[in-house]
Amino acid sequence: MQAAEHSKQRNRTWIKVLGFVIIAVIAAVGYFSLSNKKAAPDVTFNGINGEQVTLQSLRGKVVMVNFWATSCTTCVKEMPEMVQTYNKFKDKGLDFIAVAMSYDPPNYVLNYAQTRSLPFRVALDTKGDVARSFDDVKLTPTTYVIDKNGNIIKRYVGEPDFAALHQLLEKALAA
């Protein structure tokens, strides 16, 4: 009888230890998945004016990469606020690249950028390589915020909450 009771206590102890280990592993995975920043892909942007810029060359700056299309109503709607955001933070170290999707006719992109006097770089992604490099972007607008070390700190699918975006930029630029 005593042996059976001792065996039950030992089983309970093992169950408690196993439960604790499982909880610790789950907590560790959660912590590291939230705290690990993903490095932005090392891509080259082809600007509408013929210039090429690598994301690597922008290290030391906070960079916003905005995937958009002239045919995307949300993209067109948010673009004036993107311009305001860029103008507000460019002197503090923000760089901005608007990447036109592969299906967007280059002449439409060029016309849009010129008629709206977009103040930041506008790039063509004619083969879709840049979008594929950024987790295969398909939905527009999709905007990435990349810190000074080249890590993605935020991805917005759809129009961002601009007040929250501005707070994020303030923090990233101050780091």
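**Exercise 1.** Leaving aside neighbours within four places in sequence, which residues is Val122 in contact with?

*Solution.* Some ground rules come before the steps. This is a predicted model, where local features need pLDDT of at least 70, side-chain atom pairs count only at pLDDT 80 or more, and totals for chains, interfaces and linings use all residues. Residues are numbered from 1 along each chain as its sequence is written, and side-chain values use heavy atoms, with hydrogens and water left out.

Step 1: pin down the term; contact means heavy atoms within 4.5 Å.
Step 2: skip the neighbours within four places and list what remains for Val122: Asn46, Gly47, Ile48, Trp68, Ala98, Val109 and Ala113.

**Exercise 2.** Find the largest nonpolar core and say which element gives the most to this core.

*Solution.* Step 1: a nonpolar core is a set of buried Ala, Val, Leu, Ile, Met, Phe, Trp, Tyr and Cys residues joined through side-chain atoms within 4.5 Å. Buried means under 20% relative accessible area, exposed means over 50%, and partly exposed is in between (1.4 Å probe, protein chains only).
Step 2: the largest one holds 28 residues, and Val122 is among those with the most contacts inside it, along with Met64, Trp68, Leu118, Phe120 and Leu169.
Step 3: two or more residues each come from strand E4 (62-68), H2, strand E5 (94-100), helix H3 (106-115) and helix H5 (162-174). These labels are DSSP runs numbered from the N terminus: helices (H or I, at least four residues) and strands (E, at least two).
Step 4: H2 gives the most, with six residues.
Step 5: look apart from this core and you'll find another, of 20 residues, including Ala40 and Leu58.

**Exercise 3.** Stay with H2 and work out what Glu81 touches beyond four places in sequence.

*Solution.* Step 1: locate Glu81 in helix H2 (residues 73-89).
Step 2: check its exposure; Glu81 has a relative accessible area of 31%, so it counts as partly exposed.
Step 3: its contacts are Glu159 and Phe162. Glu81 and Glu159 are 78 residues apart along the chain, yet their C-alpha atoms are separated by 9.8 Å.

**Exercise 4.** Hunt for backbone oddities in the loop between H4 and E7.

*Solution.* Step 1: know the usual pattern; most residues other than glycine have a negative phi, and most peptide bonds are trans.
Step 2: go to the loop between helix H4 (129-133) and strand E7 (142-146), where Pro141 is found. A cis peptide bond joins Thr140 to Pro141, with omega about -5°.
Step 3: Asp135 is in that loop too, and its phi is positive, near 55°. Asp136, also there, has a positive phi of about 55°.
Step 4: Asp135 is partly exposed at 43% relative accessible area, and so is Asp136 at 35%.
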